[in-house]
Amino acid sequence: MKFYLTTAIDYVNGSPHLGHAYEKVLTDVIARFRRQMGDQVHFLTGVDEHGQKVQASARQRGIPPLQFCDEVSAEFRSLLPLLNISNDDFIRTTEERHQRVVRQVLQQLFDKGEIYRAEYKGFYSTRQEQFLQEKDRLPDGSWPELFGEVTEIAEANYFFKLRQYQDWLVEFLMKNENFIFPRNRQTQVLEFLKEPLNDLCISRPRERLEWGIPLPFDDGYVTYVWFDALLNYYSAVADRPGLWPATYHVIGKDILVPPHAVYWPIMLHAAGLPLPRGILAHGWWLQRGAKMSKSTGNVLNPLDFVTEFGADAFRYFLMREMNVGQDSDFTREQFLVRYNSELANNLGNLVNRTLNMTTRFAGGVLPAAGPAGDLERSLQELWVKTRDDFIPLCEGFQFHTALERAMVFLTETNAYIEQRAPWKLGKSTAAADQDLLRTALATMAEALRLAAALIQHVTPSSSVKINEVLGYSPGPVWRDELAWGGKLNGARVAASLVLFPRPQPPPKG
Ligand code: MSP
């Protein structure tokens, strides 16, 4: 099945932070999982380069906006390989392929009478690049902080007829209850739609904003940044038949209502284009309860963690800690707790023990299992249950629970080793003990192989390394790799591998 997956495109008015990194990782984990499940995945990410914020940041630096975008976009792009993101495409909204499609869609909507010109008089927030209404005021009559400087303006602009599609959208959402994940967000959209919609102002006069896509039917205006940005999902694949519509747009909850859940479906519908199958709205990473963002300055540089602990540990933490859709606090302490107990202890130790004991007791070659006892049978049963729960959990974006199950399996595998105590069996020459020793070595190696295969969409490099040290090359069909039994018989293992080294204490003084 085709699976076209997108992230939001990031504003390039500042450096990438943890929130941006999270969204890429989450989408990548979904993309890798769907590929494993046999889907034809197309994974798009990119940057949002037009608009007031970018123009202002470029001015501040005293350089032309495009040069500014080139620099910052390169920074966003360079983050992707460091996080092990497997995107198929990267779009910049300044690219010709994008601008062409935006202008085509605008012209088409204009020709169909979906866009009209009108005088506008009212209040405008430059920071949010939006027109304000009386209901946006605080009870004392002032404007909320988030709007920054608010000015009163009177000017002619172009408007997109949103309002006439309001009933259609409500009906669409009622019919497609799972359009937005998680469900409670869909309810929030329907709440929002209880109030009458205003038509959407999609133009900005050039004298106020130069940095945008000129309207094809009036050169005196550029396109409103959201109307431009949303179309990236379509423009990136417009000349690639069969890819549109998107399967999922992955975005943060702050940009669901109204842009993705209201403007976007209506824009597509008005343009006669099919709608995406769904929207996944994730929550926020917080620091001490506040949203991490450029404007508050409480941002965490994802690269610090990647440099210190590796991309897999970082990806694992983000997926294990965050219940997709909800918010989560990011602290170094909690990162270290999971790193130490789950990655270093559970997984790292199993790797060490498997390699050590195979080297010590079997000359580095994995034996075929002897007869299984109760301990092995119950571990195998746990495996089947773990795997069978894990897949639907990932299908439903419940990665944190899926990983928790995988960890339980690893904990039980380590407990199995304690109980079987191969080091004791290794001292005995009795045939039954030697049989059991072979069983124990084969069992722990097989459990390790399976766990590594199970979580490989979250920890791709570590899973590859584990296969390497087990002397194993996996086959092409992921599900086949998840069956217990025999695949490692006779494999020659490496002597050691330190997967998740203990962090060094910070230097004193
Ligand atoms: N440019 C728009 C999106 C246009 S999509 C057609 C934008 N850019 S952004 O840089 O502000 O945000 C990009 C994505 O990062 C959004 O989905 C946003 O929700 C996400 N995050 C930004 N800060 C975040 C956190 N602190 N936590 C998690 N994700 C958040 O909006």
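Let me start in the loop between helix 3 (65-82) and strand 4, which is where Asn-84 sits, and I should say at once that what we are looking at is a predicted model. Asn-84 has a phi near 65°, a positive value in a residue that is not glycine. With a relative accessible area of 24%, Asn-84 counts as partly exposed, because the band for that class begins where buried, under 20%, ends.

There is a second residue to set beside it, and that is Glu-129, a residue other than glycine whose phi is also positive, near 55°. Glu-129 belongs to the loop between strand 5 (115-125) and strand 6 (130-132). Is Glu-129 buried or exposed? Its relative accessible area is 3%, and Glu-129 is therefore buried.

While we are on the backbone, let me turn to the cis peptide bonds. One of them runs from Phe-181 to Pro-182, with omega near -10°, and Pro-182 lies in the loop between strand 8 (180-181) and helix 6 (183-192). Another cis bond joins Trp-244 and Pro-245, with omega about 5°, and here the proline falls in the loop between helix 8 (232-235) and strand 13 (248-252).

Now to the strands, and to strand 3 (residues 40-48) in particular, of which 8 of the 9 residues are buried, so that the strand is mostly covered. Which strands pair with strand 3? Strand 1 (residues 2-7) runs parallel to strand 3 and is joined to it by 5 bridges, and within that pairing Leu-5 has Phe-43 as its bridge partner. Strand 2 (residues 10-11) also pairs with strand 3 in the parallel sense, over 2 bridges, with Tyr-11 standing opposite Asp-48. Strand 4 (residues 89-92), which we met at the end of the Asn-84 loop, is parallel to strand 3 as well and is held to it by 4 bridges; there, Thr-45 stands opposite Phe-90.

From the strands I would like to move to the nonpolar interior. In soluble globular proteins, nonpolar side chains tend to be buried together. In this model the largest nonpolar core has 102 residues, and the members that touch the most others are Phe-314, Leu-318, Met-319 and Phe-330. Helix 16 (residues 431-454) supplies the largest share of this core, with 12 residues. A separate core of 62 residues lies apart from it, and its members include Val-225, Leu-243, Ile-266 and Leu-268.

To give a sense of the surroundings of one of these residues, consider Phe-330, and leave aside the neighbours within four places in sequence. Its contacts then include Leu-18, Trp-285, Met-292, Leu-300 and Phe-305, together with Phe-314 and Leu-318, and Gln-287 is among them too.

Finally, let me come back to helix 16 and its packing against helix 12 (residues 332-362), where the angle is about 145° and the axes are 10 Å apart. The crossing of these two helices is left-handed. From helix 12, the residues that meet helix 16 include Leu-347, Val-351, Arg-353, Thr-354 and Phe-361, and on the side of helix 16 the residues are Leu-437, Leu-441, Met-444, Ala-445 and Leu-448. Taken by class, this contact has 11 nonpolar, 2 polar and 1 charged residues.

Technical notes
Residues numbered from 1 in each chain as written. Predicted model: local features only at pLDDT ≥ 70, side-chain atom pairs only at ≥ 80, totals over all residues. Heavy atoms only, no water. Core = buried A, V, L, I, M, F, W, Y, C linked by side-chain atoms within 4.5 Å. Buried < 20%, exposed > 50% of the residue type's maximum accessible area, 1.4 Å probe, protein only. Contact = heavy atoms within 4.5 Å. Axes fitted to C-alpha atoms, helices over the stretch in contact; angles between N-to-C directions. Left-handed = near helix turned anticlockwise from the far one by under 90°. Nonpolar A, V, L, I, M, F, W, Y, C, P; charged D, E, K, R; others polar. Pairing = 2+ DSSP bridges.
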